[in-house]
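Grab a coffee and open the viewer: here are some short exercises to work through at your own pace. Try each task before you read its solution.

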Amino acid sequence: VCAATGITSLATHSCPAGAFCGYGLTANDKAGTCAAGYKCPAGSTEQQPCGEGTHQPATGKATCTVCTAGNYCPYSATGIPAEIPCPPGHYCPASTSTPPPYTLISPTPCPPGTYSATPGAKVCAACPAGAYCASEGLTTAGTPCPAGYWCPPGAIGYQESRCPAGS
């Protein structure tokens with residue numbers, strides 16, 4: 001479309017989706033293919049970077065893809081977001097991104113009472129019965145409850161859970 005002869009306005013000859021055509025086109029101008037990390041809806045005059053929580057690994061695309069649950073989309077040194085599995089001890093709902101200054105991991109740490117042992121967690125698991133998970137970001141199933149105490153699933157501590165006398 002952008003290479004058509006006699007173009008005088010982008011309003012009458014817009015670029016196709018996945019391509020961009022700059023202003024001031026001549027008969028020799030051609031559409032540019034949208035690069036990975038960018039989107040080019042139909043009629044684009046320039047590439048638009050994928051926003052927070054989205055990415056686009058392919059070239060020539062009109063839209064960006066939402067970062068899937070269990071993954072996050074940090075910005076690389078080039079400014080192009082990429083989808084990476086959530087690290088252990090954290091969980092990543094859909095659209096998780098790295099906030100400015102784009103150097104910190106933004107997946108959410110598992111809260112006390114929960115943990116995540118493997119990469120790619122969409123949610124954190126409750127600390128199992130018989131153990132407690134006192135801090136955030138745990139990668140193991142907690143600390144065993146000491147003798148004389150009991151810990152229900154999701155326990156944050158054991159101090160309040162003394163076993164009844166005679167049990």
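## Exercise 1: The overall fold

Task: Work out how many helices and strands the chain has.

Solution: The secondary structure comes to zero helices and 14 strands. Please keep in mind that this is a predicted model. Written out along the sequence, the pattern is β-β-β-β-β-β-β-β-β-β-β-β-β-β.

Next, look at burial and surface. The chain has 167 residues, and buried ones make up 30% of them. Its accessible surface comes to about 9,100 Å², with 59% of that belonging to carbon and sulfur atoms.

Finally, turn to contacts. Among the contacts in the chain with a separation of 6 or more, 37% are between residues 24 or more positions apart.

## Exercise 2: Two disulfides, one loop pattern

Task: Find which parts of the chain are tied together by Cys-50 and Cys-64, then do likewise for Cys-110 and Cys-124.

Solution: A reminder to start with: a disulfide is a covalent bond between the sulfur atoms of two cysteines. The count for this model comes to eight disulfides, and we take two of them here.

Step one is the link of Cys-50 and Cys-64, whose sulfur atoms are 2.1 Å apart. The angle about the S-S bond is -85 degrees, and the link is left-handed. Cys-50 sits in the loop between strand 4 (48-49) and strand 5 (54-55), while Cys-64 sits in the loop between strand 5 and strand 6 (65-66), so this disulfide ties together parts that are 14 residues apart in sequence. Both Cys-50 and Cys-64 are buried.

Step two is the disulfide of Cys-110 and Cys-124, with an S to S distance of 2.0 Å. This link is left-handed, with -85 degrees about the S-S bond. Cys-110 belongs to the loop between strand 10 (108-109) and strand 11 (114-115), and Cys-124 to the loop between strand 11 and strand 12 (125-126), so the parts tied together are 14 residues apart in sequence.

Step three is burial, where the cut-off is under 20% relative accessible area. Cys-110 counts as buried because its relative accessibility is 0%. Cys-124 is buried too, because its relative accessible area is 19%.

## Exercise 3: Handedness of another link

Task: Decide whether the link of Cys-15 and Cys-21 is left-handed or right-handed.

Solution: First, locate the disulfide that joins Cys-15 to Cys-21, with 1.5 Å from S to S. Then read the angle about the S-S bond: at 130 degrees, the link of Cys-15 and Cys-21 is right-handed. Both Cys-15 and Cys-21 are buried.

## Exercise 4: A tyrosine cluster

Task: Identify which tyrosines are linked by ring pairs into a cluster, and describe each pair.

Solution: A pair of aromatic rings is described by the distance of the centres and the angle of the planes. The model has two aromatic pairs.

In one, Tyr-132 and Tyr-158 are 5.2 Å apart centre to centre with 55 degrees between the planes, a tilted pair. It links distant parts of the chain, with Tyr-132 in strand 13 (residues 131-132) and Tyr-158 in the segment after strand 14 (143-144), 26 residues apart.

In the other, the ring centres of Tyr-149 and Tyr-158 are 4.9 Å apart and the planes lie at 75 degrees, so the pair is edge-to-face.

Now check accessibility. Tyr-132 is buried at 16%, whereas Tyr-158 is partly exposed at 21%. Tyr-149 is partly exposed, with a relative accessible area of 21%. Putting the pairs together, the cluster consists of Tyr-132, Tyr-149 and Tyr-158.

Note on methods. Residues numbered from 1 in each chain as written. Predicted model: local features only at pLDDT ≥ 70, side-chain atom pairs only at ≥ 80, totals over all residues. Heavy atoms only, no water. Disulfide = S-S within 2.5 Å. Buried < 20%, exposed > 50% of the residue type's maximum accessible area, 1.4 Å probe, protein only. Helix = DSSP H or I, 4+ residues; strand = E, 2+ residues; numbered from the N terminus. Contact = heavy atoms within 4.5 Å. Areas by Shrake-Rupley, 256 points an atom, 1.4 Å probe, with all protein chains shown as cover. Phe/Tyr/Trp six-rings, centres within 6.5 Å; stacked < 30°, edge-to-face > 60°.
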